[in-house]
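Okay, thanks everyone for coming. I'll walk you through a new structure today, so have the picture up and stop me whenever you like.

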Amino acid sequence: MTVSRSLAVFAALNGALAVAVGAFAAHGAGPQVKPLLTTGAHYELAHAVLALVCAVWPVRSRTIILAGWLAAGGGLVFALALSAVALLSLPVMGAVAPVGGLLMIAAWLLIGFAALRTQTTPV
């Protein structure tokens, strides 16, 4: 199995950041910002895991690696945009969050596309 080390490291850093933001949301954030931080942390963590799965995908595929980068990048953009709205009072960043969402959706679609193209052997 070939591992995309750079994608795995980026996914791990995203996961760590998601846990940190989630912990802050649970224990230090005010009630007005808690929902935005929690939502961002949930999406970022889920997509960090997806990116890590793509990094260790058993069949080396540029499509899967691209999906991993889109998942990790999209999760990060989404979480950072929501954090900027919540913590920096920058409502304009609310317009950036859908960009992260589109990247995450594209990642899932690419994984589905790659799964359809993958040749499998009967068990």
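Let's go straight to W69. This tryptophan is partly exposed, with a relative accessible area of 34%. And keep in mind as I talk that what you're looking at is a predicted model.

So which residue does W69 pair with? It's F10, and the two form a tilted aromatic pair: 5.3 Å centre to centre, with 35 degrees between the planes. If you're wondering about those two numbers, a pair of aromatic rings is described by the distance of the centres and the angle of the planes. F10 sits in helix 1 and W69 in helix 3, 59 residues apart, so this pair links distant parts of the chain. F10 is partly exposed as well, at a relative accessible area of 26%.

How many aromatic pairs turn up in the whole structure? A search finds 2. Besides F10 and W69, there's Y43 with F78: the ring centres are 5.0 Å apart and the planes are at 55 degrees, so that pair is tilted too. Y43 lies in helix 2 and F78 in helix 3, so here the pair ties together parts 35 residues apart in sequence. Are the two partners buried or exposed? Y43 is partly exposed, with a relative accessible area of 41%, while F78 is buried, at 13%.

Let me zoom out for a second. The protein has 4 helices and 0 strands, so reading along the sequence you get the pattern α-α-α-α. The C-alpha trace spans about 55 × 25 × 25 Å along its principal axes. There are 123 residues in the protein, and buried ones make up 39% of them. Now take the contacts with a separation of 6 or more: 73% of those are between residues 24 or more positions apart.

On to the inside. The largest nonpolar core has 16 residues, and L7, L50, A51, C54, I64 and I111 are the ones with the most contacts inside it. Where do the core residues come from? Helix 1 (5–27), helix 2 (34–55), helix 3 (62–88) and helix 4 (97–117) each supply at least two. Helix 3 gives the most, with 6 residues.

Two of those core residues are worth clicking on. Start with C54: leaving aside its neighbours within four places in sequence, C54 is in contact with L7, I64, I65, A67, G68 and I111. There's also another core, apart from that one, with 7 residues, among them V21, A25, A29 and V33.

Now click on A51, over in helix 2. A51 counts as buried, at 0% relative accessibility. What does A51 touch, not counting residues up to four places away in sequence? The list is L7, A11, G68, A71 and A72. For a sense of scale, A51 and L17 are 34 residues apart in sequence and 14 Å apart in space, C-alpha to C-alpha.

Let's come back out to the surface. The protein exposes about 7,200 Å², and carbon and sulfur atoms supply 74% of that. There's a nonpolar surface patch of about 480 Å², made by F24, L87, L88, L90 and V92. One of these, L88, is found in helix 3. Why does L88 count as exposed? Its relative accessibility is 58%, and the cut-off for exposed is over 50%.

Last stop, the loops. S89 is in the loop between helix 3 and helix 4, and S89 is exposed, with a relative accessible area of 57%. What is phi of S89? It's near 55 degrees, a positive value in a residue other than glycine. As background, most residues other than glycine have a negative phi.

Then there's W57, in the loop between helix 2 and helix 3. At 23% relative accessibility, W57 counts as partly exposed. W57 and S4 are 53 residues apart in sequence, and 9.0 Å apart in space, C-alpha to C-alpha.

If you take one picture away, make it this: 4 helices, each supplying at least two residues to the largest nonpolar core, and 2 aromatic pairs. That's me done, so over to you.

Note on methods: Residues numbered from 1 in each chain as written. Predicted model: local features only at pLDDT ≥ 70, side-chain atom pairs only at ≥ 80, totals over all residues. Heavy atoms only, no water. Core = buried A, V, L, I, M, F, W, Y, C linked by side-chain atoms within 4.5 Å. Buried < 20%, exposed > 50% of the residue type's maximum accessible area, 1.4 Å probe, protein only. Contact = heavy atoms within 4.5 Å. Phe/Tyr/Trp six-rings, centres within 6.5 Å; stacked < 30°, edge-to-face > 60°. Areas by Shrake-Rupley, 256 points an atom, 1.4 Å probe, with all protein chains shown as cover. Patch = residues over 30% accessible without salt bridge, like charges linked within 9 Å, V, L, I, M, F, W, Y side chains within 5 Å. Salt bridge = Lys/Arg side-chain N within 4 Å of Asp/Glu carboxyl O.
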